[in-house]
Amino acid sequence: MFIKRDIKKFLLDTSSDYSCILLTGPRQVGKTFLFETLSDDNRQKVSLDDIEIRHLATTDPKLFFSIYKTPILIDEVQYAPELFQYIKIAIDKGARPGSFWLTGSQIFRLMRLSGESLAGRVALLNLLPLSQHEIYNQDKPLFDTTLKLDSFINQNKLINKVSIDEIYKRIFKGGMPGIISQKYNNENLYYSSYLNTYVLRDIMQEANVNGLKYLEFLRATAVRIGQVLNIHSIAQDVDISDETAKRWLSLLEKCGIIYYLYPYSRNDLKRTIKAPKLYFFDTGLVRYLARYVTSEELSAGALNGAILENYVINEIIKTYYNQGKNPFLYYYHDKDQNEIDLIIDENGLLHPFEIKRSESPTIKMTKAFNILRNNLNNVGIGGIICTRDSFTMLDENTLVIPVSFL
């Protein structure tokens, strides 16, 4: 089952401008496969997962590039940062656009390493698990990140209505290409293998951790999606120190398993909470770690609201990344318990959104928006992203957006 990736056009356009592209993202989201579908016969492919090739790349990068010439695709380049200096030299000598295609799964380490050696010379792109648009709506328009009313009205005519049951089936399945393509039919076995073969292997290369203890830690983390981060609470559940929990969370973030949504704060807004909220990039992995067996059980379970929120924010992030944009997303929570699930900062305007499991949202759900509107002068249109099956508006500033639009 071939699934067209939304980032493809932007990637090709970028490759015609830049000599080097670094495509980062979690393990097994299709980075290498995407590049391979765009490659011609002239491009060599080298994987640094191969121990012998990795040894050559790290000990004698000059010889490496005398054997493997451009145009080249280097997979898992984080294992040989020694190559970056030679890539820099090649670019400075006039390497042609598209000469170096690189992939890597240790996101923050790669950003640091490439920034040190290839600043201004590399195009850094992000690929995440498959989006809802890629899986279900390939022939429909992308979610309009500019939040223009006309786009939503047009989408309402084109997007198929989706029930709550179907939404939770999508959340349950997640977006890993191996599952969506039906290459692997046993989803529980897939995630078990994914954790042990890729996630734990990468983490153990970074730090000396106990694998079984780390899996326990992963489960304690997964059931806290959508919550304000409380490191001490996670540490207590697993019987580890706060410092160890903090370090282990950092490893998960480096590997592209989790990410944080940070609070929006300005001097105009008093008494805001400073800690971030925690999310996973794949909801299928969350439900596996939280031990949900069916989508019906997930829909009725304690995580149903939090995992819907996680899913919605994931889809918005993917839409930005797949168009080559960086999203500026926040949440709001103050010490008076006023909350806004999501704030999108787009073109200087703040767009507040609530994410609700509701087919009949009400304006009362957006009461906290007034805190922004009463204190700031750059608040744009907002709304409620929910399980309703069609678009509508509650007033001129409040959209009601179905999850299926994302």
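Helix axes are lines fitted to C-alpha atoms over the stretch in contact, and angles between them run from 0 to 180 degrees between N-to-C directions. The exercises below concern a predicted model.

**Exercise 1. Packing of α11 and α12**

Determine how helix α11 (residues 187–206) is oriented relative to α12, and which residues make the contact.

*Solution.* The two helices pack at an angle of about 105°, and their axes are 11 Å apart. Angles of 65 to 115 degrees count as roughly perpendicular. Helix α11 is therefore roughly perpendicular to α12. On the α11 side, the contact is made by Leu 195, Asn 196, Leu 200, Ile 203 and Met 204. Helix α12 contributes Gly 211, Tyr 214, Leu 215 and Leu 218. By class, this contact divides into 7 nonpolar, 2 polar and no charged residues.

**Exercise 2. Packing of α12 and α14**

Classify the packing of helix α12 (residues 211–222) against helix α14 (residues 242–254), and describe the composition of the contact.

*Solution.* The angle is about 80°, with the axes 11 Å apart. The two helices are therefore roughly perpendicular to each other. From α12, the contact involves Lys 213, Tyr 214, Phe 217, Leu 218 and Thr 221. From α14, the residues are Ala 245, Trp 248, Leu 249, Leu 251 and Leu 252. The contact of α12 with α14 has 8 nonpolar, 1 polar and 1 charged residues. Tyr 214 and Leu 218 of α12 take part in the contact with α14, and both also appear in the contact with α11.

**Exercise 3. Aromatic pairs**

Assign a geometry to the ring pairs Phe 64 with Phe 65 and Tyr 264 with Tyr 330, and state the burial of each residue.

*Solution.* A pair of aromatic rings is described by the distance of the centres and the angle of the planes. The structure holds 19 aromatic pairs. In the pair of Phe 64 and Phe 65, the ring centres are 5.1 Å apart and the planes stand at 85°, so the geometry is edge-to-face. Both Phe 64 and Phe 65 are buried.

For Tyr 264 and Tyr 330, the centres are 5.5 Å apart and the planes lie at 75°, so this pair is edge-to-face. The pair links distant parts of the chain, 66 residues apart: Tyr 264 belongs to the loop between β6 (258–263) and β7 (277–280), and Tyr 330 to strand β8 (residues 329–333). Buried means under 20% relative accessible area. Tyr 264, at 9%, is buried, whereas Tyr 330, at 22%, is partly exposed.

**Exercise 4. Further ring interactions**

Identify the tyrosine cluster and the rings over which the charged ends of Arg 170 and Lys 277 sit.

*Solution.* Ring pairs join Tyr 184, Tyr 190, Tyr 191, Tyr 194, Tyr 198 and Tyr 288 into a cluster. The charged end of Arg 170 sits over the ring of Tyr 136, 3.8 Å from its centre. For Lys 277, the charged end sits over the ring of Tyr 331, 5.0 Å from its centre.

**Exercise 5. Surroundings of Asn 322 and Ser 131**

Locate Asn 322 and Ser 131, and establish their burial and their contacts.

*Solution.* Asn 322 is in helix α17 (residues 304–322) and counts as buried at 6% relative accessibility. Leaving out residues up to four places away in sequence, Asn 322 touches Asp 6, Ile 7, Phe 10, Leu 127, Ser 131 and Glu 134. Ser 131 lies in the loop between β5 (122–126) and α7 (132–136), and at 3% relative accessibility Ser 131 counts as buried. Apart from neighbours within four places in sequence, Ser 131 is in contact with Asp 6, Glu 315, Lys 318 and Asn 322. Asp 6 thus touches Asn 322 and also Ser 131.

Notes
Residues numbered from 1 in each chain as written. Predicted model: local features only at pLDDT ≥ 70, side-chain atom pairs only at ≥ 80, totals over all residues. Heavy atoms only, no water. Phe/Tyr/Trp six-rings, centres within 6.5 Å; stacked < 30°, edge-to-face > 60°. Buried < 20%, exposed > 50% of the residue type's maximum accessible area, 1.4 Å probe, protein only. Helix = DSSP H or I, 4+ residues; strand = E, 2+ residues; numbered from the N terminus. Lys NZ or Arg CZ within 6 Å of the ring centre and 35° of its normal. Parallel < 35°, antiparallel > 145°, perpendicular 65-115°, else oblique. Contact = heavy atoms within 4.5 Å. Nonpolar A, V, L, I, M, F, W, Y, C, P; charged D, E, K, R; others polar.
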